[in-house]
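Got your viewer open and a selection box ready? Here is a short walk through the model, one selection at a time.

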Amino acid sequence: MSTLAVNGGEPVRTEGPTAMWPVCGDREKELLCDIIDTGKFLYGGGEHGVAFERELAEWMGCSYALGTVNGTETMVLALKAAGIGPGDEVIMPAMTFIACPLSVLLAQAVPVLADIAYADMALDPAAVEAKITENTRAIMAVSLYGVPCDLDAMVDICERHSLLLLEDVAQAQGCEWRGKKLGTIGHIGSLSFHTAKIITSGDGGAIVTDDKELHDFCRSYRQFGLPFEGSEHDCAVTGGNYRMSEFVAAVLRAQMERIDELIDKRNESAAILDEMLQGLDVVRPFEFHPQVTRRSYLNYAMAYDQQAAGGVHRDVFRQALAAEGCPAAIGYPYVLNELPLLAGPLRERDKGRFFGRRIDYAAESYPVARDLVDNVMMNYSQHWLLSDPETVRDIGRAVQKVVDGIDTLRDREPA
Ligand SMILES: Cc1ncc(COP(=O)(O)O)c(C=O)c1O
């Protein structure tokens, strides 16, 4: 057994990941220069915004795609388009990005948290059922790091209770469930093109759906609240301006040309790691539901088993990995109910935020989310997954090495 770097031994590697991010090149330049040359900067004035939406819908295998400014406003627009508003409850996982509860609050509805499952870090169907009330209107199903939640269970719950299923696939674009892309399983899907996503334009988002009425209302909410030619409604709604500019759309069109290649590359790296981690009981990759017909990793997420590690805490293990030159991230370091957004302190005038309901989020408890956040989850970012295979193997070597030397870490405390 070689000495762990954290104990003074040689590290597995001395450099960070080798991949450049974002992956971009001549095609982006060509399309951007085309916009400068034509002077058509505004969505609809040039061809790129509309073409991007057509190309995205085709790739997603759905009827409609709508480009927006980001993957937070997408969810606000989707909720508003579905008629969700003051006092309505939207159930979401207790551990996810802040944009999820924020989007519900921006639609003036009430975020209701449900605990997550150890298997997929996503909504636990039984916990969701337990949170349904007469005010529940929607479930926001979030799939983190490319690991999908149990979508069959979510569809079933939504059908039985007549709820909207909004899929947040900001981190799982391209993943397929029984051959259909995530985002098209529920009624409406939200995509993000933020810089830490499958493809990127810095910021950007899209809404996908097969439902023309939902699409039409999203479009009105996206653009000044007006009905438009061909829309199924003639209502004016209180929309804003959330269009994507031609520049953003052009970058995304170029990015779409290599999206499958990027997904395949990340999947190949994940397969290397799956194989190298096989048989380890201290660290294992998160499992995929059998309905997943194509994976699309954003990050490579792993579960740490402190018991199998003889009591060594995950963060001591992570310190040892960092010393080996392969630092693993932990993801979101919070459970949503402790965020100031929900738990406060709030300005006096913002206390009406939950529509007169006295919701004491801070007093709620989500034991599985808590344990996953504090003790279990760790991941390698896409910078590692997009690196060359030897760099990816170094992650596997580092994990194996620290597992082999786990007994030498027993007396350490997390920093
Ligand atoms: C799960 C999840 N939902 C929503 C968002 C919001 O997307 P955006 O940053 O494009 O607003 C993000 C990421 O940023 C995310 O990771």
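Keep in mind as you click around that this is a predicted model. Begin with two helices: select H10, residues 314-323, and H14, residues 389-404. Their axes come within 10 Å and cross at roughly 125 degrees. Angles over 145 degrees would count as roughly antiparallel and 65 to 115 as roughly perpendicular, so H10 and H14 end up as oblique to each other. Look along the crossing and you'll find that H10 and H14 make a right-handed one.

Now show side chains where the two helices touch. On the H10 side, pick Phe317, Ala320 and Leu321; they meet Ala398, Val399 and Val402 of H14. Colour this contact by residue class and you get 6 nonpolar residues, with no polar and no charged ones.

Time to zoom out. Colour 26-256 as domain 1 and 259-409 as domain 2. If you drop a marker at the C-alpha centre of each domain, the two markers sit 24 Å apart. How many residues of each domain are in contact with the other? Domain 1 brings 41 and domain 2 brings 37. To see what domain 1 puts on that side, select helix H4 (99-106), strand S3 (110-114), strand S6 (176-177) and helix H8 (246-256), each of which supplies at least two residues. By class, the side of domain 1 that touches domain 2 splits into 25 nonpolar, 8 polar and 8 charged residues.

Keep H4 selected and add helix H3, residues 73-81. Here the axes lie 8 Å apart, and H3 and H4 pack at an angle of about 40 degrees. Are these two parallel or oblique to each other? The cut-off for roughly parallel is under 35 degrees, and H3 and H4 are therefore oblique to each other. The H3–H4 crossing is right-handed, as is the crossing of H10 and H14.

For the contact itself, pick Met75, Val76 and Leu79 in H3, then Ser103, Val104 and Leu106 in H4, which they meet. Those residues divide into 5 nonpolar and 1 polar, with no charged ones.

Last stop: the ligand. Select the 15 residues around the ligand, then highlight Asn70, Gly71, Thr72, Ala170 and Ser192, which come nearest. Recolour the shell by class and count 5 nonpolar, 8 polar and 2 charged residues.

Key:
Residues numbered from 1 in each chain as written. Predicted model: local features only at pLDDT ≥ 70, side-chain atom pairs only at ≥ 80, totals over all residues. Axes fitted to C-alpha atoms, helices over the stretch in contact; angles between N-to-C directions. Helix = DSSP H or I, 4+ residues; strand = E, 2+ residues; numbered from the N terminus. Left-handed = near helix turned anticlockwise from the far one by under 90°. Contact = placed C-beta atoms within 7 Å. Nonpolar A, V, L, I, M, F, W, Y, C, P; charged D, E, K, R; others polar. Domains from an automatic or database assignment. Near = placed C-beta within 6 Å.
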